[in-house]
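Let us walk through this structure one site at a time. Keep the sequence and the 3D view side by side.

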Amino acid sequence: MIYLDNNATTRVAPEVAAAMQPYLTELFGNPSSAHALGRKMKEAVEKSRDQVANLIGAANSSEIVFTSCGSESDNWSIRGALATQPDKRHIITTQVEHEAVKNLCELLAKEGYEVTWLGVDERGELDLDELRRSLRPDTALVTVMLANNETGVLFPMKEIGDIVRERSAALFHVDGVQAVGKIPINLTDTNVDLFALSGHKLHAPQGIGALYVRTGVTLPPFIIGGAQEHGRRAGTSPVPNIVGLGAACELARQSDNHDEICFLRDRLESQILSTIPNARVNGTREATKRLPNTSNISFEYVEGQNILAHLDKAGICVSTGSACHSSTKQSSPTLRAMNVPYTAAQGSIRFSLGRYNTLEEIDYTLGALPGIIADLAAMSPYDKELQALFASR
Ligand code: PLP
C-alpha cells in the first residue's frame, strides 16, 4: 500500500506507540487519583502538556487543554468565545473552513448570529482588506484556519491576528489542525487567542486533540462534569492518548523532515503536470504560502471518484477533495469558493504526503497515473474538450 492521504489521518509513529505502551499495560491509573500510581499518571500528562506547548510556541503549558479531537477543540473555541460575549452577535470566518467550523457557523447563523464568510481568490488566498472592512464593534469572534485541508494553502495567521487586534475586541480562533507537525508554529508573538490541533494528523493516535487557550482568555467548559484539566474540560484523562500526543509533538519538533516531504511532493506534482495534459494544480504553488506535503490536482473532464477507485486498485490511497466529502458527489465548497470550474473540481484529487513516503512510492504513483487518466479520458463524455487539451500539449 502506498499511503498518500496523510491529511485524512496519519499512521501512529513507532516512537509514539513505544511511548504509549506502558500506559496501555502496567501504568493504568487515573491521574486524578491521590495515590502514587495516580501521581505518576499526572506527571505523564503534564510532560505531554509541555511537549505540546513547546511544539506550537505557547508561552506557558497551562495554556494547553487536552480534548478528544480537532472538531471538539474548534467547537469549544467557537461556542465558548460566543458564550463569554453574549452582547456580540457577529462572527467572521471564511468560505473554505473545515466542516468542524463551517457547519457550526451555519448552525449559529440559524440560531441568529450574523456570519461574514470571507471569500478567497483563485489561488485560495484571502483578501485581508475584506477582513479589515468586515470587523465591527459587535464582532465576537474571528475564526480562520491556518492550513487548508484540501489544498494546503496557508492563511497569514500573524497578519490576521494583528488586524483583528488593531481593529476590534474580537477573539481570534485558529483551526491549526492541518498545520501542526507540518510547518513550524510559534504562537508567542501572535495575537491568536485560541488554537486547535488534533493528534491523528501528526502521527499520534485518533481520539486526542488539544486546544491552546491564551492566558487571560477564559472559556466556559464544553463538557461539564469533574474537575479534570483544571476544571476546563471534564472527563477522565485518556492518558495513553495524551502521552501519544506529547511524544508525537516531541518527534515533530526534533526530527522534522519537511524538506524531504516537500521534495517528494514537488516531484510528484511537477511530473504529473508535465506528463498529463488535463492536470492543473488547485491553490497557490508559492512555497511559503502552502503546506510542504499537499498537492490538490484536478484532472479536467474526468471523474475524481473514478480516479480514486483506480488508484485504490493499484494500491495507492488518496482522497477526492477532503475525505469528509468522499461519500457525497458534490464538488468541494473550497474549490467552488476558488472558482475552479465544475468540470475540473469534479476531477480533483488530493495527494497528501507524510514522513514515511519514499521516492520509490512517488515514482510508482507517477508510473501508474498517466495510464489511469488516459483510460478514464477515453470514456469521458467530454471527449471533444479532452482531445483539444491533449492535442494542445
Ligand atoms: N480542521 C481541519 C482543518 C481538519 O482538516 C480536520 C480533519 O480533517 C479537523 C478540523 C477535524 O479534526 P478531527 O478529525 O480531529 O476532529
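**A guided walk**

Serine 237 sits in the loop that joins α7 (228-231) to α8 (239-254). The model is a predicted one. Is serine 237 buried or exposed? Its relative accessibility is 14%, so serine 237 counts as buried. The cut-off for buried is under 20%. Setting aside residues up to four places away in sequence, serine 237 touches Pro31, Gln228, Glu229 and Ile242.

Now look at α7 itself. Histidine 230 lies in this helix. Its phi is positive, about 55°, although histidine 230 is not a glycine. Most residues other than glycine have a negative phi. Histidine 230 counts as exposed, because its relative accessibility is 60% and the cut-off for exposed is over 50%.

Step back along the chain to the loop between β8 (209-213) and α7. Threonine 218 has its place there. With 62% relative accessibility, threonine 218 also counts as exposed. How far is threonine 218 from alanine 391? Their C-alpha atoms are separated by 61 Å, and the two residues are 173 places apart along the chain.

Next comes the ligand. It is surrounded by 13 residues. The closest are Gly70, Ser71, Asp175, Ser198 and Lys201. Which side chains make polar contacts here? Serine 71 places a polar side-chain atom 2.7 Å from an oxygen atom of the ligand. For lysine 201, an N or O atom of the side chain is 2.6 Å from a ligand oxygen. Histidine 200 has a side-chain N or O atom 3.0 Å from an oxygen atom of the ligand.

Turn to helix α6, residues 157-167. Which of its residues are buried? They are Met157, Ile160, Gly161, Ile163 and Val164. Viewed down the axis of α6, these buried residues fall within an arc of 160°, so they line one face of the helix. The spacing fits a general rule. An α-helix has 3.6 residues a turn, so residues three or four places apart point the same way. What do the buried residues of α6 pack against? Their partners are α5 (128-134), β5 (139-145), β6 (171-175) and β7 (194-198).

Helix α10 (304-313) can be read in the same manner. Gly304, Ile307 and Leu311 are buried in α10. They cover an arc of only 60° around the axis, which puts them on the same side of α10. The buried residues of α10 pack against β10, β11 (316-317), β12 (348-352) and α13 (359-379). Just after α10, glycine 315 takes a positive phi of about 85°.

Now go to the loop between β10 and α10, where tyrosine 301 is found. Tyrosine 301 has a positive phi of about 70°, although it is not a glycine. Tyrosine 301 is buried, because its relative accessible area is 18% and the cut-off is under 20%.

Strand β10 spans residues 294-299 and holds asparagine 296. Asparagine 296 has a relative accessible area of 0%, so it is buried. A polar atom of its side chain lies 3.0 Å from the backbone oxygen of glutamate 150. Neighbours within four places in sequence aside, asparagine 296 is in contact with Glu150, Thr151, Arg280, Val281, Asn282, Leu335, Ser348, Ile349 and Arg350.

Just one loop remains, between β9 (279-281) and β10. Leucine 291 has its place in that loop. Leucine 291 is buried, with a relative accessible area of 0%. Its C-alpha is 7.3 Å from that of alanine 179, although the two are 112 residues apart in sequence. Alanine 179 is also one of the contacts of leucine 291. Others include Ala147, Asn148, Gly152, Leu154, Gln178, Lys182, Ile183 and Arg265.

Finish with the rings. How many aromatic pairs does a search of the whole structure find? The search returns 0. Charges do sit over rings, however. The charged end of arginine 89 lies over the ring of tyrosine 113, 4.0 Å from its centre. Arginine 11 has its charged end over the ring of tyrosine 356, 4.8 Å from the ring centre.

Terms used. Residues numbered from 1 in each chain as written. Predicted model: local features only at pLDDT ≥ 70, side-chain atom pairs only at ≥ 80, totals over all residues. Heavy atoms only, no water. Phe/Tyr/Trp six-rings, centres within 6.5 Å; stacked < 30°, edge-to-face > 60°. Lys NZ or Arg CZ within 6 Å of the ring centre and 35° of its normal. Buried < 20%, exposed > 50% of the residue type's maximum accessible area, 1.4 Å probe, protein only. Helix = DSSP H or I, 4+ residues; strand = E, 2+ residues; numbered from the N terminus. Arc of directions from axis to C-beta. Contact = heavy atoms within 4.5 Å. Near = heavy atom within 4 Å. Polar contact = N/O pair within 3.5 Å; in protein donor to acceptor, adjacent residues only side chain to side chain.
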